[in-house]
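Here is a short tour of a protein model, written for someone who would rather be at the bench. Keep the structure open beside the text as you read.

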Amino acid sequence: MQFGFVRAGDGILHAHAAVGEAAGGVDLTVTAVSGVSSSTSPGGIITPSAAVKNQGVADLVSGTLRFYLSANSTFDGSDQLLGSTSVSAISAGATVNSAL
């Protein structure tokens, strides 16, 4: 699993894809994160979304996509969870887009 991120005004929006039920061989990566811009002001409304690719050889049955706000480009325990959404099946080699 990997993280993707995009700069947003005073913070960084991270997306994290995690495997739920899956056979071995699932390898998720966040290939793009969007929904915020450098002009997003504090207190502004954002609609985060991310593209998640299964670069593995097995199909994903289910998973979770979580969005975090951070003060920097390093994902760590101080980042604030904005919310999460379920990711349905992703075939091996396929990419899906999901929004919060």
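The report below goes from the overall layout to the sheet, the core and the confidence of the model.

**Overall layout**

Please bear in mind that this is a predicted model. The protein has seven strands and zero helices, so its pattern along the sequence reads β-β-β-β-β-β-β. Of its 100 residues, 35% are buried. The surface that the protein exposes comes to about 5,300 Å², and 49% of that area is supplied by carbon and sulfur atoms. The contacts reach far along the chain: among those between residues at least 6 apart in sequence, 61% join residues at least 24 apart.

**The strands to look for**

These are strands whose residue ranges help you find your way around the model.

| Strand | Residues |
|---|---|
| β1 | 3–8 |
| β3 | 28–34 |
| β4 | 49–54 |
| β5 | 63–70 |
| β7 | 95–99 |

**The open sheet**

Which strands form the open sheet of three, and in what order? The order is β3-β4-β7, and the pairing is antiparallel. At the edges lie β3 and β7, each of which pairs on one side only. On average, neighbouring strands of this sheet are turned by 25° against each other, with direction ignored. Strand β4 runs antiparallel to β7, and five bridges join the two. To find this pairing on screen, start with serine 49, which stands opposite alanine 99 in β7.

**The nonpolar core**

How many residues make up the largest nonpolar core? There are 12 in all: Val26, Leu28, Val30, Val33, Ala50, Val52, Ala58, Leu60, Leu65, Phe67, Val87 and Ile90. The elements β3, β4 and β5 each give two or more residues to this core. Strand β3 gives the largest share, with three residues. Strand β3 is thus a good place to link the two pictures, as an edge strand of the sheet and a contributor to the core.

**How confident is the model?**

The average pLDDT of the protein is 76, and 74% of the residues score at least 70. Where is confidence lowest, and where is it highest? The lowest mean, 47, belongs to strand β1, while β7 has the highest, at 89. Across residues 5–9 the pLDDT is below 50, yet this stretch has 19 contacts in the model beyond near neighbours in sequence.

Key
Residues numbered from 1 in each chain as written. Predicted model: local features only at pLDDT ≥ 70, side-chain atom pairs only at ≥ 80, totals over all residues. Heavy atoms only, no water. Helix = DSSP H or I, 4+ residues; strand = E, 2+ residues; numbered from the N terminus. Buried < 20%, exposed > 50% of the residue type's maximum accessible area, 1.4 Å probe, protein only. Contact = heavy atoms within 4.5 Å. Areas by Shrake-Rupley, 256 points an atom, 1.4 Å probe, with all protein chains shown as cover. Pairing = 2+ DSSP bridges. Axes fitted to C-alpha atoms, helices over the stretch in contact; angles between N-to-C directions. Core = buried A, V, L, I, M, F, W, Y, C linked by side-chain atoms within 4.5 Å. pLDDT = per-residue confidence, 0-100.
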